[in-house]
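Good morning, colleagues. Please look at the display as I bring it up, and keep it in view while I speak.

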Amino acid sequence: MDERRESEATPTRNQTTLERKSERELVVTRTVNGPARLVFEAWTKAELFRRWWVPKSYGLTLLSCEMDVRIGGQYRLVFRHEDSTMEFFGTYLEVTPHSRLVWTNEEGDNGKTITTVTFEENAGKTLLVVHDLYPSKEALDSGSTGAMPETLDQLDELLVSLGATR
């Protein structure tokens, strides 16, 4: 992909936008159908998070989901794919209820990725901005960023099932 195209926003279905801000930064934007309080809970309570985070089309099973959502707290996700398991883990750097989460992704050999999610409520809906800062261009290129539209569709489905739009 040429440099000019990489910096442009790419809309996907349901108004999820993926934008490569630089060779190390990716920003995903989406408005979901629920108040910031409920959307934040879906990101921070393991029993809710496990219901929407894994894209169904990827053929993964979430075996365990541990989340200690506080500054300095850690998370660990263990997935099964066919005959193997994968772990994703990191540390929460910032936790501001209903408005901001920042954590590290530490499982790779190429350094830490820092993820920042902001939650901005407007008229009962929440604008999510997910900003990933990768340790290198290669780390961003090898990531599974294409999963976010499907994952956020599943978040919207969860919010509806919780009665968020009523």
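R51 touches L158, S161 and L162, where contact means heavy atoms within 4.5 Å and residues up to four places away in sequence are not counted. R51 itself is found in the loop between α3 (46–49) and β4 (61–67). Helices here are DSSP runs of H or I with at least four residues, strands are runs of E with at least two, and both are numbered from the N terminus. In sequence R51 and Q154 are 103 residues apart, yet their C-alpha atoms are 8.2 Å apart in space. The C-alpha atoms of R51 and L155 are likewise separated by 8.2 Å, with these positions 104 residues apart along the chain.

Before I continue, a word on the basis of these values. This is a predicted model, in which local features need pLDDT of at least 70 and side-chain atom pairs count only at pLDDT 80 or more, whereas totals for chains, interfaces and linings use all residues. Residues are numbered from 1 along each chain as its sequence is written, and side-chain values use heavy atoms, with hydrogens and water left out.

Let me turn to the overall arrangement. The protein chain comprises five helices and nine strands, and along the sequence they follow the pattern α-β-β-β-α-α-β-β-β-β-β-β-α-α. Of its 166 residues, 41% are buried. Buried means under 20% relative accessible area, exposed means over 50%, and partly exposed lies in between, computed with a 1.4 Å probe on protein chains only. Of the contacts between residues at least 6 apart in sequence, 46% join residues at least 24 apart.

Next, the interior. In soluble globular proteins, nonpolar side chains tend to be buried together. Which residues have the most contacts inside the largest nonpolar core? They are V39, W43, W52, F119, L128, L152 and L155, in a core of 36 residues. A nonpolar core is a set of buried Ala, Val, Leu, Ile, Met, Phe, Trp, Tyr and Cys residues joined through side-chain atoms within 4.5 Å. Helix α2, residues 36–44, gives the most to the largest core, with six residues. Eight of the nine residues of α2 are buried, so this helix is largely enclosed by the rest of the structure. The buried residues of α2 are A36, L38, V39, F40, E41, A42, W43 and T44.

L155, in helix α5, is buried, with a relative accessible area of 0%. Neighbours within four places in sequence aside, L155 is in contact with V32, V39, A42, W43, W52 and L128. On the same basis, L152 is in contact with T16, V28, R30, W43, W52 and L128.

This brings me to the packing of α2 against α5. Two packed helices are described by the angle between their axes and the distance between the axes. Helices α2 and α5 (residues 148–161) pack at about 120°, with their axes 11 Å apart. That makes α2 oblique to α5, oblique being the class left over when under 35 degrees is roughly parallel, over 145 roughly antiparallel and 65 to 115 roughly perpendicular. The axes are lines fitted to C-alpha atoms, for helices over the stretch in contact, and the angles run from 0 to 180 degrees between N-to-C directions. At this contact, L38, V39, A42 and W43 in α2 meet L152, L155, L158 and L159 in α5. By class, the contact has eight nonpolar, no polar and no charged residues. Here Ala, Val, Leu, Ile, Met, Phe, Trp, Tyr, Cys and Pro count as nonpolar, Asp, Glu, Lys and Arg as charged, and the others, Gly among them, as polar.

I close with four individual positions. T118, in strand β8 (residues 113–122), counts as partly exposed at 27% relative accessibility. T118 touches S99, R100, L127, L128 and V129, not counting residues up to four places away in sequence. P135, in the loop between β9 and α4 (137–141), is also partly exposed, at 27% relative accessibility. The C-alpha atoms of P135 and N110 are separated by 6.7 Å, with the two residues 25 apart along the chain.

Finally, what is the sign of phi at E82? The value is positive, about 55°, although E82 is not a glycine. E82 lies in the loop between β5 (74–81) and β6 (84–96) and is exposed, at 65% relative accessibility. A123 also has a positive phi, near 55°, and is a residue other than glycine. A123 is in the loop between β8 and β9 (125–133), and is exposed with a relative accessible area of 77%.
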